[in-house]
Amino acid sequence: QVQLVESGGGLVQAGGSLRLSCAASLRTFSTSGMGWFRQAPGKEREFVSTITWSGGSTDYAEAVKGRFAISRDNAKKTVYLQMNSLKPEDTAVYYCAATAGTPWGSRRPEMYMYWGQGTQVTVSS
């Protein structure tokens, strides 16, 4: 049983756009805070964005603020990450994460109960 599945990654040129999707089969999805994180080889997993259960509040890392946008569709049990003005330093594996049912997300990876397998995003210069 895979409960979170990311998709939409790929290779794009600098300045381009990409939209990631995270499909959830969690029973608690509609009441759970969600997050996006990313990790490059040899580096720590870092916070990208979070969204509350209703989508009413969002949070972004300074490195992506103004370029990325997180959203969710609870009817479709899907969370999205729209990435614009991509830079080579955005290259990483992107992971979707879900809390254990709490309505808020967190900037700390260890606060999440469920994780997807990740999707590779590569930005060329």
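A nonpolar core here means a set of buried Ala, Val, Leu, Ile, Met, Phe, Trp, Tyr and Cys residues joined through side-chain atoms within 4.5 Å. Keep that in mind for the first close-up, and note that everything below comes from a predicted model.

**View 1. The largest nonpolar core and its best-connected residues.**
This core takes in 31 residues, and Met34, Trp36, Leu81, Met83 and Tyr94 have the most contacts inside it. Two or more residues each come from strand 3 (18-24), strand 4 (34-39), strand 5 (46-51), strand 7 (68-73), strand 8 (78-83), strand 9 (92-98) and strand 11 (119-124). Strand 9 chips in the most, with five residues. As background, nonpolar side chains tend to be buried together in soluble globular proteins.

**View 2. Tyrosine 94 and its contacts.**
Zoom in on tyrosine 94, one of the residues with the most contacts inside the core. Skipping residues up to four places away in sequence, tyrosine 94 touches Glu6, Leu20, Trp36, Phe37, Arg38, Val48, Phe68, Leu81, Met83, Gly118, Thr119 and Val121. Of these, Trp36, Leu81 and Met83 also appear among the core residues with the most contacts.

**View 3. An open sheet of four strands.**
The strands line up in the order 1-3-8-7, with antiparallel pairing. Strand 1 (4-7) and strand 7 sit at the edges with a single partner strand each, so one side of each has no neighbour in the sheet. On average, neighbouring strands are turned by 15° against each other, ignoring direction.

**View 4. Strand 8 and its two pairings.**
Strand 8 pairs with strand 3 in the antiparallel sense over six bridges. Strand 7 also pairs with strand 8 antiparallel, over six bridges. For landmarks, look for leucine 20 opposite leucine 81 and phenylalanine 68 opposite methionine 83. Strand 8 is largely enclosed by the rest of the structure, because five of its six residues are buried. The hairpin of strand 7 and strand 8 has four residues between the strands, and lysine 77 there takes a positive phi near 50°.

**View 5. Leucine 18 in strand 3.**
Leucine 18 has 14% relative accessibility, so it counts as buried; the cut-off is under 20%. Leaving out neighbours within four places in sequence, leucine 18 is in contact with Gly8, Gly9, Gly10, Val12, Leu81, Gln82, Met83, Leu86 and Val121. If you're checking distances, leucine 18 and valine 5 are 13 residues apart in sequence and 17 Å apart in space, C-alpha to C-alpha.

**View 6. The disulfide between cysteine 22 and cysteine 96.**
Searching the whole structure turns up one disulfide. The bond joins cysteine 22 to cysteine 96, with an S to S distance of 2.1 Å. Cysteine 22 belongs to strand 3 and cysteine 96 to strand 9, so the pair ties together parts that are 74 residues apart in sequence. The torsion about the S-S bond is about -80°, so this disulfide is left-handed. Both cysteine 22 and cysteine 96 are buried.

**View 7. Serine 49 in strand 5.**
Here's a polar residue with no exposure to speak of: serine 49 counts as buried because its relative accessibility is 0%. The serine 49 side chain reaches the backbone oxygen of aspartate 59 at 2.9 Å. Beyond residues up to four places away in sequence, serine 49 touches Met34, Gly35, Trp36, Asp59, Tyr60, Ile70 and Leu81.

**View 8. Strand 5 with strand 4 and strand 6 as partners.**
Strand 5 is mostly covered, with five of its six residues buried. Strand 4 runs antiparallel to strand 5, and five bridges join them; glycine 35 has threonine 50 as its bridge partner. Six residues lie between strand 4 and strand 5 in their hairpin, and glycine 42 in the turn has a positive phi of about 80°. On to strand 6 (residues 58-60): three bridges join it to strand 5, again antiparallel. In that pairing, isoleucine 51 has threonine 58 as its bridge partner. The hairpin of strand 5 and strand 6 has six residues between the strands, and glycine 55 takes a positive phi near 85°.

Note on methods. Residues are numbered from 1 along each chain as its sequence is written. This is a predicted model: local features need pLDDT of at least 70, side-chain atom pairs count only at pLDDT 80 or more; totals for chains, interfaces and linings use all residues. Side-chain values use heavy atoms; hydrogens and water are left out. Buried means under 20% relative accessible area, exposed over 50%, partly exposed in between (1.4 Å probe, protein chains only). Contact means heavy atoms within 4.5 Å. Two strands pair if DSSP finds at least two bridges between them. Axes are lines fitted to C-alpha atoms, for helices over the stretch in contact, and angles run from 0 to 180 degrees between N-to-C directions. A disulfide is a pair of cysteine sulfur atoms within 2.5 Å. A polar contact is a pair of N or O atoms within 3.5 Å; within protein, one must be able to donate a hydrogen and the other to accept it, and residues adjacent in sequence count only if both atoms are side-chain atoms.
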